[in-house]
Amino acid sequence: MTNKILYLASPYGFSAQWRDKLLPEFITKLESIGARVWEPFVRNTDVDFSITGWTNKVASSNFTDLSNSDGLFAIENECPP
């Protein structure tokens with residue numbers, strides 16, 4: 001049996017501090033229960049933000065990952081939800 005893929009949606013990738021310190025803890029915990037974790041900030045590291053249209057590339061990549069994952073785990077911090 002293969003591990004289920006969870007798409008990890010969170011606002012924490014927008015901050016270098018949270019991306020480096022907090023997201024790895026969530027990923028480790030989810031992996032410890034047998035999930036493969038797709039974290040969009042990690043999966044979009046090849047995007048060149050200086051090129052027009054980068055937002056569309058990121059959105060398309062995220063939509064594809066969501067469509068191909070087995071589930072969604074969302075971290076909501078109420079700023080905004």
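## Strand pairing

In this predicted model, β1 and β3 pair in the parallel sense, with four bridges between them. One of the residues involved is L6, whose bridge partner in β3 is G71.

The sheet is open and has three strands, in the order β2-β1-β3, with parallel pairing. β2 (36-38) and β3 (71-74) stand at the edges. Each has a single partner strand, so one side of each lacks a neighbour in the sheet. Neighbouring strands are turned by 35 degrees against each other on average, direction ignored.

## Helices across the sheet

Two helices are described here. α2 lies across β1, β2 and β3 and runs at about 155 degrees to β1. Helix α4, residues 54-68, also lies across β1, β2 and β3. The angle of α4 to β1 is about 140 degrees.

## Nonpolar core

In soluble globular proteins, nonpolar side chains tend to be buried together. Here the largest nonpolar core has ten residues: L6, L8, Y12, L22, L23, I27, L30, A35, V37 and I75. β1 (5-9) and α2 (23-32) each supply at least two of these residues. α2 gives the most, with three.

## Contacts of L30

Which residues does L30 touch, not counting those up to four places away in sequence? They are L6, L8, A35, V37 and F73. L30 itself belongs to the largest nonpolar core, as do L6, L8, A35 and V37. L6 thus appears in three settings: it has G71 as its bridge partner in β3, it is a member of the core, and it is touched by L30.

Technical notes: Residues are numbered from 1 along each chain as its sequence is written. This is a predicted model: local features need pLDDT of at least 70, side-chain atom pairs count only at pLDDT 80 or more; totals for chains, interfaces and linings use all residues. Side-chain values use heavy atoms; hydrogens and water are left out. A nonpolar core is a set of buried Ala, Val, Leu, Ile, Met, Phe, Trp, Tyr and Cys residues joined through side-chain atoms within 4.5 Å. Buried means under 20% relative accessible area, exposed over 50%, partly exposed in between (1.4 Å probe, protein chains only). Contact means heavy atoms within 4.5 Å. Two strands pair if DSSP finds at least two bridges between them. Axes are lines fitted to C-alpha atoms, for helices over the stretch in contact, and angles run from 0 to 180 degrees between N-to-C directions.
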